[in-house]
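Biologist: I'm new to this one and would like a close look at a single part, the helix packing around the front end of the chain. Could you walk me through that, and then show me how it fits into the rest?

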Amino acid sequence: MNTEISNETDAPIDLDEVVALTEYLGTALHMHPGAELAVTMVDATAMEELHLTWMDLEGPTDVMSFPMDQLSQGRADAPTEGQMGDIVICPEVAARQAAAAGHSTMDEILLLTVHGFLHLLGYDHGEPEEREEMFALQRHLLLTFFAARYDGRTDIPSPTEV
């Protein structure tokens with residue numbers, strides 16, 4: 001995966017961890033190594049403008065996806081090539097959701113990255129069956145990423161801190 005990433009906010013985001021996740025997702029979902037993706041962190045005002053412009057909904061949202069080449073998940077013998085598009089995340093909304101869910105803002109941003117990535121591959125959650133499929137895959141991908149990265153995570157307390 002070729003991931004272009006930027007943080008247009010003052011929020012302290014571990015951009016390297018987001019890139020590691022997109023690389024993991026690219027491998028897990030059989031994306032060609034040259035597939036292109038952009039991930040941008042924006043403030044609530046910018047997200048509200050995007051939300052209103054593209055969805056005709058007021059207020060900021062957590063994540064929006066803007067597909068480019070209408071790609072789908074590849075196969076091991078036929079990886080998907082092309083420009084995936086853009087994922088836009090609002091850390092301010094993510095922080096509120098993280099507090100309500102009882103986990104870190106960074107974990108919420110990673111969850112939203114997976115969610116946005118799946119939308120770029122055509123997954124949706126408008127219907128109950130679609131929701132079940134997308135959210136099960138989202139959960140599986142995030143948990144397997146966390147399991148693979150556990151030793152490198154900095155926000156997990158040591159057993160003596162618990």
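**Helix H1 and its surroundings**

Modeller: Happy to. Let's start with a pair of helices: the axes of H1 (residues 15-28) and H5 (residues 128-149) come within 11 Å and cross at roughly 115°. Keep in mind that this is a predicted model. The crossing of H1 and H5 is right-handed. If you want to find the meeting place on screen, pick out Glu17, Ala20, Leu21, Tyr24, Leu25 and Ala28 on H1. Across from them, H5 brings Leu141, Thr144, Phe145 and Arg149 to the contact. Sorted by class, that contact between H1 and H5 has seven nonpolar residues, one polar and two charged.

H1 has another partner, H4 (residues 105-120). The axes of H1 and H4 come within 10 Å and cross at roughly 35°. This crossing, too, is a right-handed one. On the H1 side, the residues that meet H4 are Glu17, Val18, Leu21, Thr22, Leu25 and Gly26. H4 answers with Met106, Ile109, Leu110, Thr113, Val114 and Phe117. By class, the contact of H1 with H4 has eight nonpolar, three polar and one charged residues.

Put those two lists next to each other and some names come back. Glu17, Leu21 and Leu25 of H1 meet residues of H5, and Glu17, Leu21 and Leu25 also meet residues of H4.

Now follow the chain out of H1. His30 sits in the loop between H1 and strand S2 (36-41). Its backbone deserves a glance: His30 has a positive phi of about 60° although it is not a glycine. As a rule, most residues other than glycine have a negative phi. With a relative accessible area of 28%, His30 is partly exposed.

A similar case turns up further along. Asp56 lies in the loop between helix H2 (44-55) and strand S3 (63-67), and phi of Asp56 is near 55°, again a positive value in a residue other than glycine. Asp56 counts as exposed, at 63% relative accessibility.

From the helices, you can step over to strand S4 (83-89) by way of Ile89. Ile89 is in strand S4, and its relative accessible area is 0%, so it is buried. Leaving aside neighbours within four places in sequence, Ile89 is in contact with Ile109, Leu112 and Thr113, among others. Ile109 and Thr113 are familiar from H4, where they meet H1. The contacts of Ile89 also include Val39, Thr40, Met41 and Val42, along with Met47, Asp62 and Val63. For a distance back towards H1, try Asp16: the C-alpha atoms of Ile89 and Asp16 are separated by 15 Å, with their positions 73 residues apart along the chain.

Before S4 begins, have a look at the loop between S3 and S4, where you'll find Met68 and Asp69. Met68 is partly exposed, at a relative accessible area of 46%. Asp69 also counts as partly exposed, with 40% relative accessibility. Beyond neighbours within four places in sequence, Met68 is in contact with Gln83, Met84 and Gly85, while Asp69 is in contact with Gly82, Gln83 and Met84. Asp69 and Gln83 are 14 residues apart in sequence, yet 5.7 Å apart in space from C-alpha to C-alpha. For Met68 and Glu49, the sequence separation is 19 residues and the C-alpha to C-alpha distance is 20 Å.

Finally, zoom out to the whole chain. There are five helices and four strands, and along the sequence they follow the pattern β-α-β-α-β-β-α-α-α. The C-alpha atoms fill a box of roughly 45 × 40 × 30 Å along the principal axes. A compact globule of 162 residues would have a radius of gyration near 15 Å, and the chain has 16 Å, which agrees. Of the 162 residues, 41% count as buried. Among contacts between residues at least 6 apart in sequence, 65% join residues at least 24 apart. The chain exposes about 9000 Å², and carbon and sulfur atoms supply 50% of that area.

How values were computed. Residues numbered from 1 in each chain as written. Predicted model: local features only at pLDDT ≥ 70, side-chain atom pairs only at ≥ 80, totals over all residues. Heavy atoms only, no water. Axes fitted to C-alpha atoms, helices over the stretch in contact; angles between N-to-C directions. Helix = DSSP H or I, 4+ residues; strand = E, 2+ residues; numbered from the N terminus. Left-handed = near helix turned anticlockwise from the far one by under 90°. Contact = heavy atoms within 4.5 Å. Nonpolar A, V, L, I, M, F, W, Y, C, P; charged D, E, K, R; others polar. Rg over C-alpha atoms; globule rule 2.2 N^0.38 Å. Buried < 20%, exposed > 50% of the residue type's maximum accessible area, 1.4 Å probe, protein only. Areas by Shrake-Rupley, 256 points an atom, 1.4 Å probe, with all protein chains shown as cover.
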